[in-house]
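Please take a look at the structure below and read along with this short report. We will go from the meeting of the chains to their overall build, and then to some single residues.

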Amino acid sequence: MSATPAAARQRLLPGFGLSMGLTLAHLSLIVLLPLVALGMKAAGLTWAQFWAAAASKRVLASYRLSFGTSFAAAAVNAVFGLLTAWVLTRYRFPGRKLLDAAIDLPFALPTAVAGIALTSLYGQQGWFGRALPFKVAYTPTGITVALVFIGLPFVVRTLQPILEDLGRDVEEAASSLGASRWQIIRRVIFPELGPALLTGFALAFARGMGEYGSVVFISGNMPMRTEITPLLIITKLEQYEYAQATAIAVVMLAISFALLLAINQLQRRLARRLNHV
Amino acid sequence: MSDVQAASSEPRWVKAALITVVLAFLGVALLAPLAVVFFEAFRQGLRVYLKAFQDPDAWAAVRLSLVAMGVAVGLNTVFGVAAAWLLARFAFRGKGLLLTLIDLPFAISPVIAGLVFVLLFGAQGWLGPWLQDHDVRIVFALPGIVLATTFVTFPFVARELLATMQTQGTEDEEAARMLGAGPWRTFFRITLPNVRYALFTGIVLCSARALGEFGAVSVVSGHIRGETNTLPLHIEILYNEYQFTAAFACASLLSLTALVALAVKAFLERRRSEQRP
């Protein structure tokens with residue numbers, strides 16, 4: 001037999017051509033061709049046109065807002081997501097399983113529903129809006145609140161498998177060597193969680209940069225003040241400024257790709273860690 | 001309690017405090033938005049609630065959402081099975097790139113997912129003039145809504161299946177082939193039953209997202225009442241017209257389906273962990 005074992009096994013399983021064909025056809029038609037259309041449109045712009053569209057004052061203000069609110073929301077989620085994941089994996093209390101299932105709510109609830117619900121909660125007449133001494137709805141704080149809702153499951157679901165996997169034996173070994181609980185958390189558990197926490201943060205941040213539905217209702221959409229970048233793309237489209245919309249979209253795509261690459265690197269490191277432990 | 005145990009878990013009051021903080025956070029961040037949807041929907045009584053569903057435009061929106069969901073989930077399920085089979089069973093060059101491309105729609109803002117189809121099929125778009133000559137409408141019509149929905153829900157089924165198929169290995173299928181089963185028989189009798197829970201989970205997640213998609217569909221729909229409005233877009237219109245009860249009544253419908261999706265997902269996950277040896 002001249003074939004390698006791997007090659008022989010591959011021949012035993014059928015469907016390479018069919019599955020490759022279906023995958024590539026669907027991927028090309030649904031995802032790649034439309035992205036090429038965006039690329040073509042962008043390539044038709046001169047450098048000056050591109051710069052004028054993608055770096056005007058109003059657009060720069062929207063990048064700052066989107067970046068700042070996404071960052072703040074991802075930071076809040078990193079803290080509370082870590083606490084949530086810790087409590088859900090380490091402690092046993094009534095209602096834990098229900099709460100665990102509820103973490104996915106932001107994935108399942110349509111963003112527009114989340115948007116009007118949050119606006120109603122934090123508006124002047126709302127349950128929280130009435131009680132809080134400062135304005136939340138129609139301010140950057142409101143945008144952050146919406147992005148916290150959207151991003152929470154990313155952090156919790158990235159941390160949970162790591163926390164479950166982190167052997168209690170390591171902690172017990174550390175404590176039998178005389179480490180205090182706080183030392184163990186700081187020196188043993190935290191370094192293990194670092195990459196997962198960063199991955200969850202990056203995922204929540206990336207989702208926040210692109211989020212539209214949950215934000216438009218609570219943001220108030222005032223140019224220069226509470227106008228996020230995705231909304232600005234829609235505004236340009238509605239004014240038939242296709243070239244400007246394209247230029248802004250290209251900038252956002254570049255940011256998304258950079259984040260995706262970083263997240264992929266982090267996840268590869270995470271997978272290696274999970275296999276080692 | 002021995003010292004080792006004491007140091008490998010927190011004191012009781014720390015546990016209680018952490019659980020309280022997490023419960024308070026999840027209550028404010030996740031459960032309050034869900035509760036307020038139903039509160040606002042039923043605020044003016046059952047009769048006003050039910051009146052929201054007498055609007056023919058609401059039913060047209062429900063029908064359109066279901067059609068878009070059905071086509072998108074169907075396409076992405078066929079693709080997802082093919083892609084998972086390809087990636088889990090064969091080694092080939094460019095596999096890493098293909099994986100990244102499949103994840104791409106998750107990293108792209110829904111608004112951009114809508115924009116690319118406008119740039120491809122819109123009146124000013126790449127294929128726009130040709131489509132107009134042949135009297136085909138894609139953007140601001142049903143095909144555009146279906147395409148945008150398919151784009152944003154692209155990776156769900158493939159991702160769920162791939163994770164399960166990679167851990168299961170190929171022994172069962174190889175045995176079936178050795179014993180003389182044909183390729184399709186092997187696939188339908190061995191492969192599909194082995195991954196059925198992952199397949200259902202992927203379909204549930206894909207459906208939930210498809211039904212609730214807002215940003216991408218908002219860009220390509222054209223917002224024609226009774227014709228190209230999906231349910232989330234209908235909610236937006238009602239909300240912006242200050243018909244709050246009707247908006248929240250429709251939102252309560254989508255929230256219920258989201259809760260059902262979460263329940264089904266939790267059930268399937270339990271069955272999956274029982275299935276594992």
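In this predicted model, 77 residues of chain B are in contact with 78 residues of chain A. Two residues are in contact if their C-beta atoms, placed from the backbone, lie within 7 Å. On the side of chain B that touches chain A, helix α2 (residues 12-42) of chain B gives the most, with 15 residues. Helices here are DSSP runs of H or I with at least four residues, strands are runs of E with at least two, and both are numbered from the N terminus. By class, the side of chain B that touches chain A has 58 nonpolar, 10 polar and 9 charged residues. Nonpolar covers Ala, Val, Leu, Ile, Met, Phe, Trp, Tyr, Cys and Pro, charged covers Asp, Glu, Lys and Arg, and the others, Gly among them, are polar.

A word on conventions: residues are numbered from 1 along each chain as its sequence is written, while chains are lettered from A and ligands numbered from 1 in the order in which they are written. As this is a predicted model, local features need pLDDT of at least 70, side-chain atom pairs count only at pLDDT 80 or more, and totals for chains, interfaces and linings use all residues.

**A helix pair across the chains**

Two packed helices are described by the angle between their axes and the distance between the axes. Let us try this on α4(A) and α2(B), whose axes come within 10 Å and cross at roughly 120 degrees. The axes are lines fitted to C-alpha atoms, for helices over the stretch in contact, and angles run from 0 to 180 degrees between N-to-C directions. That angle makes α4(A) oblique to α2(B). For reference, angles under 35 degrees count as roughly parallel, over 145 as roughly antiparallel, 65 to 115 as roughly perpendicular and the rest as oblique. α4(A) and α2(B) cross in a left-handed way, meaning that the near helix is turned anticlockwise from the far one by less than a right angle, whereas clockwise would be right-handed.

Which residues of α4(A) meet α2(B)? They are F80(A), L83(A), T84(A) and V87(A), and their partners in α2(B) are L18(B), I19(B), V21(B), V22(B), F25(B) and L26(B). This contact divides into 9 nonpolar residues, 1 polar and no charged.

**A helix pair inside chain B**

Now compare a pair within one chain. Helix α9 (residues 156-168) of chain B and helix α12 (residues 196-212) of chain B have axes that come within 8 Å and cross at roughly 160 degrees. α9(B) is therefore roughly antiparallel to α12(B), and the crossing is right-handed. From α9(B), F156(B), V157(B), E160(B), L161(B) and T164(B) take part. Among the residues they meet in α12(B) are A198(B), L199(B), I203(B) and R209(B). The contact of α9(B) with α12(B) has 8 nonpolar, 3 polar and 2 charged residues.

**The chains as wholes**

Here are the two chains, one to a row.

| Chain | Helices and strands | Box of C-alpha atoms along the principal axes | Buried share of residues |
|---|---|---|---|
| Chain A | 14 helices, 0 strands | roughly 70 × 65 × 30 Å | 45% of 277 residues |
| Chain B | 15 helices, 0 strands | roughly 60 × 60 × 30 Å | 46% of 277 residues |

A residue is buried if 20 or more other C-beta atoms lie within 10 Å of its own, exposed if 12 or fewer, and partly exposed in between, with C-beta atoms placed from the backbone.

Among contacts between residues at least 6 apart in sequence, 79% in chain A join residues at least 24 apart, and the value for chain B is 75%. Chain B has a radius of gyration of 23 Å, whereas a compact globule of 277 residues would have one near 19 Å. That radius is taken over C-alpha atoms, and the globule rule is 2.2 Å times the number of residues to the power 0.38.

**Three residues to find**

Start with L60(A), found in helix α4 (residues 57-90) of chain A. L60(A) counts as exposed because it has 12 C-beta neighbours inside 10 Å. A101(A) lies 41 residues from L60(A) along the chain, and their C-alpha atoms are separated by 39 Å.

Next comes M224(A), in the loop between α12 (213-219) and α13 (229-238) of chain A. M224(A) is not a glycine, yet has a positive phi of about 75 degrees. Is M224(A) buried or exposed? With 12 C-beta neighbours inside 10 Å, M224(A) counts as exposed.

Finally, D135(B) sits in the loop between α7 (128-133) and α8 (142-152) of chain B. Phi of D135(B) is also positive, near 60 degrees, in a residue other than glycine. D135(B) is exposed, with 6 other C-beta atoms within 10 Å.
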